[in-house]
Amino acid sequence: MTARTLSAAVSHVGRIRANNQDSGYAGQHLFAVADGMGGHAGGDVASAIAIRRIREVDREFPSAHDAEFALQSALIAANQLITETVFEHQELTGMGTTVSAMIRVGDQIAIAHIGDSRIYRHRDGELQQITSDHTFVQRLVDSGRITPEEAAVHPRRSVLMRVLGDVDAAPEVDTAIMDIQPGDRWLLCSDGLSSYLAEERIRHALASNMDANQVTQRLVKETLDHGAPDNVTVVVMDVTDTEPDDDDDAATTVGSAAAPLTFEASTGRKPIRLPTILLHPLKVTTAPEDSHFEPESDQFFAELIAEDRRRRIRRRVSWTIALVVAVAVLVGAVFLGWRIIQDHYYVGTDRGTVAIYKGVQQSIGPIALSDVYEDTDVTVSSLPDYTRENVRSTINAQSLDDARDIVDRLRKAAATGQDQAGTGGDGGSSSPTPTPSGSPSSSPSASPGAKR
């Protein structure tokens, strides 16, 4: 049985745009998507003119080559209509549109494409992008200068190198003829879908058992769930060998081409609602840049390449400076910490004797931040009980001299303790037991500046 098609089309203004500059069409033989450019200067007008002219070729053709020629001619004719419209309405100067379209002829499809709207084919679980974007960043990707991941965030990603519009009287349109087979699912979409929804999500939706209409609705919903700041237009075409229903031949026009054609300027964006900000704070705080056209010439491309090279150099210099500053701060912090450690002393124990330590009592993992600076002849066991526990807990000193003063007091306390032990504890008045520096003491020799 000859392969036939089932299709659906849907278009949504998105969460930020105030008007829909996209247009889409799903007919009996023809399927097309157009994404207008020019903002309030007529992007919706350009896409509507293009789709209304192109849908005139929605008919049977004797061969795929005839359909390819007719489709290409329709795009050139649409380009001429846009130019004439700009001549009559000067306020629309600079408007243009992308177009991705295809006509089914038997078991083949004729394709025509210009701009960055896309055509995908899902076959046997695999998703393949059929068209190539006519953008500056795609040229960079094709030449190996940047990766597709870098292209997705490139500041020049909105620059189109080829469009329909008043900018080029004879635009170059890509055309191709491809075979189709039952089970194929074809997707045409504006960049409002492909720029905000990962290809894996697209593949997963196309691989589902839902019909064409359900798939279009799901893709648009997922895009909206991801923020969808731009207009979103989706056309899905299924190739099947089942018998058609009575309403399968109905054509559907969506987007600006489905509304009356007006030439009034409108604001490019609508206010962002609070729920949108709360649900998608990262995706809606920065509005998408309006696509714009730049002539596809070697000189202009060379200028953009030079600009991109300067941008990369500036980015590398910025990262280098930031790295140097970070290293300098880290080295400064380490040096300051080292100086603090070198100026700090405390009294503690070392193998049963009192010792003066240089550094602080803490450690970083297995690395101790202090070491023995000076051993003494004062044994810990000779100290009174209370003083002995204080020394084992360490006694802070304000300086090396302060640490030595503390040791002298401990030596006297040890000697006093030994005298009392030798006399049975009753030898009249005796010197009070020294306390760590900073502890309350009635001894005149205690250093008031020391602290534990």
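With which residue does Asp133 form a salt bridge? In this predicted model, the partner is Arg118, and the closest N and O atoms of the two residues are 2.7 Å apart. The bridge connects distant parts of the chain, since Asp133 sits in the loop between β7 and α3 while Arg118 belongs to strand β6 (residues 118-123), 15 residues apart. Both partners are buried. For Asp133, the relative accessibility is 10%, and the residue therefore counts as buried, the limit being under 20%.

The surroundings of Asp133 are worth a slower look. The loop that holds Asp133 runs between β7 (126-129) and α3 (136-142). Leaving aside residues up to four places away in sequence, Asp133 touches His113, Gly115, Asp116, Ser117, Arg118 and Gln138. The salt-bridge partner Arg118 is thus one of the residues that Asp133 touches. Another acidic residue can be placed relative to this site: Asp191 is 58 residues from Asp133 in sequence, and the C-alpha atoms of the two are 9.9 Å apart in space.

The bridge between Asp133 and Arg118 can now be set beside others. A search of the whole structure finds 16 salt bridges. Side chains of opposite charge can pair when their charged atoms come close. Two further examples lie within helices. In helix α6 (residues 199-206), Arg203 and Glu200 are 3 residues apart, so about one helical turn separates them. Their closest N and O atoms are 2.9 Å apart, and the two form a salt bridge. Arg203 counts as partly exposed at 23% relative accessibility, and Glu200 also counts as partly exposed, at 46%.

Helix α7 (residues 212-225) holds a bridge as well. Here Arg218 and Glu222 are 4 residues apart, about one turn of the helix, and the closest N and O atoms of their salt bridge are 3.0 Å apart. The two ends of this bridge fall into separate classes of accessibility: Arg218 is partly exposed at 22%, whereas Glu222 is buried at 10%. Elsewhere, Arg162, Glu172 and Asp174 are linked in a network of salt bridges.

Attention turns next to strand β5 (residues 108-114), which is mostly covered, with 6 of its 7 residues buried. Strand β5 pairs with strand β4 (residues 96-105) through 7 bridges, and the two run antiparallel. Within this pairing, Ile103 stands opposite Ala110 in β5. The hairpin of β4 and β5 has 2 residues between the strands, and Gly106 in this hairpin takes a positive phi near 65°. Strand β5 also pairs with strand β10 (residues 174-179), again in the antiparallel sense, over 6 bridges. There, Ile109 stands opposite Met178 in β10. In a regular strand the side chains alternate between the two faces of the sheet.

Aromatic rings give another view of how strands meet. The structure holds 2 aromatic pairs. In one of them, the ring centres of Tyr345 and Tyr373 are 5.6 Å apart and the planes stand at 75°, so the pair is edge-to-face. Tyr345 lies in strand β15 (residues 345-350) and Tyr373 in strand β17 (residues 367-379), so this pair ties together parts that are 28 residues apart in sequence. Tyr345 is buried, at 9% relative accessibility, while Tyr373 is partly exposed, at 39%.

Another pair is formed by Tyr346 and Tyr357: their ring centres are 5.1 Å apart and their planes are at 5°, so the pair is stacked. Tyr346 belongs to strand β15 and Tyr357 to strand β16 (residues 353-364), so the pair ties together parts that are 11 residues apart in sequence. Both Tyr346 and Tyr357 are buried.

Finally, the surface carries a nonpolar patch. Ile313, Val317, Ile321, Val325 and Val329 make up this patch, which covers about 440 Å². One of these residues, Val317, lies in helix α10 (residues 298-342). Val317 has a relative accessible area of 43% and is partly exposed; because patches are made of residues with over 30% relative accessible area, this value lies within the range required.

Key. Residues numbered from 1 in each chain as written. Predicted model: local features only at pLDDT ≥ 70, side-chain atom pairs only at ≥ 80, totals over all residues. Heavy atoms only, no water. Patch = residues over 30% accessible without salt bridge, like charges linked within 9 Å, V, L, I, M, F, W, Y side chains within 5 Å. Areas by Shrake-Rupley, 256 points an atom, 1.4 Å probe, with all protein chains shown as cover. Salt bridge = Lys/Arg side-chain N within 4 Å of Asp/Glu carboxyl O. Buried < 20%, exposed > 50% of the residue type's maximum accessible area, 1.4 Å probe, protein only. Phe/Tyr/Trp six-rings, centres within 6.5 Å; stacked < 30°, edge-to-face > 60°. Pairing = 2+ DSSP bridges. Contact = heavy atoms within 4.5 Å.
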